[in-house]
Amino acid sequence: MRRAIVCCWLCAGLLGAAAAPAAGARQAAIASAHPLATAAGEAMLARGGNACDAAVAVAAALAVVEPYSSGLGGGGFFLLHRAADREQVMIDARETAPSGIRYHHFFDADGGLIKGASTRAGTAAAIPGLPAGLAHLTKRCATLPLTQTLAPAIDLARDGFKVDQRYARIAQLRESLLRGSADAALFLDGGRAPAPGYVLRQPDLARTLERVAGRGAAAGFYRGPVAQALVATVNAAGGAWQMTDLAAYRVVERAPVRFTYRGATVTAAALPSAGGIALAQIMGMLEHYPPGDVRDPETAHLVVEALRRAFRDRARLGDPDHVAVPTAELLKKDVLKQYVTEIHRDRATPLAPPTAAAEGSGSSNTTHLSIIDQAGNRVAATLTINLLFGSGLVGRGTGVLLNNEMDDFTLRADLANSFHLRGGAANAVAPGKRPLSSMTPAFVEDDKGVLILGAPGGSRIISQVLLVGLEYLRRPQVDLQQLVALPRYHHQYWPDRIEVEPGGFSADWRAALEAKGHRLHVANRRWGNMQAVFQSRTTGAAQAANDPRGSDVAWY
Ligand code: DON
């Protein structure tokens with residue numbers, strides 16, 4: 001029997017909003033950043049698979065059709081909820097620093113940062129986690145073998161798919177990076193960004209996916225010829241990988257961050273993501289005030305003041321397997337209450353800056369998928385290779401595009417990364433360590449039902465999830481498409497300014513915040529590509545929504 005599924009990629013007209021399900025039945029829903037990936041997940045549900053089966057298929061398909069966002073050469077976090085016993089766990093498939101990496105790889109003799117060392121060289125790439133993540137999900141909660149769940153991705157890689165405008169635009173931006181090698185030039189058409197409609201075939205990637213499907217991740221990816229090719233490519237580009245780094249890669253199961261806010265329950269990514277802790281801190285602070293519309297300047301002021309305090313504390317966060325992070329202390333009610341006493345309703349309270357300013361730059365990408373099945377199992381996964389097309393390095397003959405996640409480490413306290421983030425010793429580079437992330441897959445549950453959400457956007461992921469979560473909880477009715485389309489603002493402590501989306505806020509709104517002493521910066525583009533699903537507690541009806549920004553080709 002075919003299941004009632006609400007799938008979304010630019011919802012309008014695709015499968016349409018399904019009618020309310022029959023009494024007792026619940027609808028499944030999938031939202032991902034690409035229609036072909038959503039279709040891969042839908043095919044798994046249609047054949048009786050669960051949310052985990054769908055998540056593996058969607059993630060693998062995204063690796064093929066959005067090669068600039070995520071892939072086998074990257075990593076991410078999978079937040080899982082099992083309906084049968086309400087168990088929740090985060091599968092941490094974040095990349096790890098290779099054992100041979102040292103600080104001198106990033107700095108020249110005068111102590112200057114070597115340009116591109118953490119973004120486009122062998123030293124930029126960390127050991128990938130996604131293949132192990134997909135295999136782990138398959139073992140832990142899927143019902144279908146990898147040979148079935150990876151099949152849509154294999155077909156898309158081998159037979160090709162028509163690139164869209166978004167692909168064409170992003171490839172154009174990264175043309176010079178991709179011309180760096182014959183393997184990376186595969187993403188181009190004769191050395192140039194392809195036009196929309198060009199059929200992109202990735203036969204090497206199809207073979208690598210087949211190996212993973214047939215032999216598993218350990219034998220098919222982390223050992224043998226694929227691993228050898230990756231090590232050779234990275235080291236030829238100045239990196240320091242060893243075969244043992246790949247063989248030693250393990251995903252980690254972690255307890256997600258869980259907290260309540262005005263009677264609702266929020267579950268979000270734990271360390272090495274900063275996201276869950278930040279959300280718990282911010283919402284813990286905001287609970288001291290009456291709830292308000294996040295677009296209202298008075299509420300926006302409070303949201304910004306809470307954001308800046310949480311982002312100040314981000315400097316204390318890092319991989320919990322390598323450093324002692326005072327998580328309990330950061331989440332203590334009286335610590336948050338103390339922060340609240342320092343917030344003024346009528347004026348901004350700039351905090352002491354970290355040290356001398358140094359700002360990074362760079363556009364970026366990542367991807368998110370949200371799934372709920374008919375039984376109520378959920379997956380929220382945010383996956384990335386970090387910046388657009390990652391490091392641009394492709395393992396010779398593997399089709400695997402490697403990440404540049406090393407840029408998420410704090411290379412030195414006065415140096416910002418590509419998201420303008422500065423950090424502390426807790427996020428220093430160390431062999432085997434995971435760089436601190438902002439990726440925040442999350443569940444928000446209240447009397448209305450459950451919202452599953454997440455987004456790309458580097459540091460701005462946290463404010464996106466926050467704003468949509470707060471508005472969802474404040475509103476009695478759920479119009480998911482409207483929620484993900486809401487205009488966004490962001491503050492991350494440093495640089496000390498509120499970033500706002502162009503066209504999102506009136507001159508009066510900006511003046512009201514400036515009157516309180518905030519510095520405003522209107523960004524030159526909108527940000528994020530949120531993917532969200534909602535299932536109603538009472539009716540079982542589901543909604544899925546794609547961020548309208550996802551089709552905005554002027555986005556970068
Ligand atoms: O883990 C992180 O926080 C970043 N590597 C995510 C990168 C990202 O979201 C880029 N998207 N626009």
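Trainee: How do you know what share of the 556 residues in the chain is buried?

Mentor: In this predicted model, a residue counts as buried when its relative accessible area is under 20%. By that cut-off, buried residues make up 63% of the chain's 556 residues.

Trainee: And what makes up the exposed surface of the chain?

Mentor: The chain exposes about 19,100 Å², with 53% of that area supplied by carbon and sulfur atoms.

Trainee: Why does the radius of gyration agree with a compact globule?

Mentor: Happy to walk you through that one! A compact globule of 556 residues would have a radius of gyration near 24 Å, and the chain has 22 Å, so the two agree. The C-alpha atoms fill a box of roughly 70 × 60 × 40 Å along the principal axes. Within the chain there are 17 helices and 18 strands.

Trainee: Why is R549 called buried?

Mentor: Its relative accessibility is 0%, and the cut-off for buried is under 20%. R549 therefore counts as buried. You will find R549 in the segment after β18, the strand that spans 542-546.

Trainee: What makes the approach of the R549 side chain to the backbone oxygen of W527 a polar contact?

Mentor: The side chain of R549 reaches that oxygen at 3.4 Å, and a polar contact needs a pair of N or O atoms within 3.5 Å. A polar atom of the R549 side chain also lies 3.4 Å from the backbone oxygen of A485.

Key:
Residues numbered from 1 in each chain as written. Predicted model: local features only at pLDDT ≥ 70, side-chain atom pairs only at ≥ 80, totals over all residues. Heavy atoms only, no water. Helix = DSSP H or I, 4+ residues; strand = E, 2+ residues; numbered from the N terminus. Rg over C-alpha atoms; globule rule 2.2 N^0.38 Å. Buried < 20%, exposed > 50% of the residue type's maximum accessible area, 1.4 Å probe, protein only. Areas by Shrake-Rupley, 256 points an atom, 1.4 Å probe, with all protein chains shown as cover. Polar contact = N/O pair within 3.5 Å; in protein donor to acceptor, adjacent residues only side chain to side chain.
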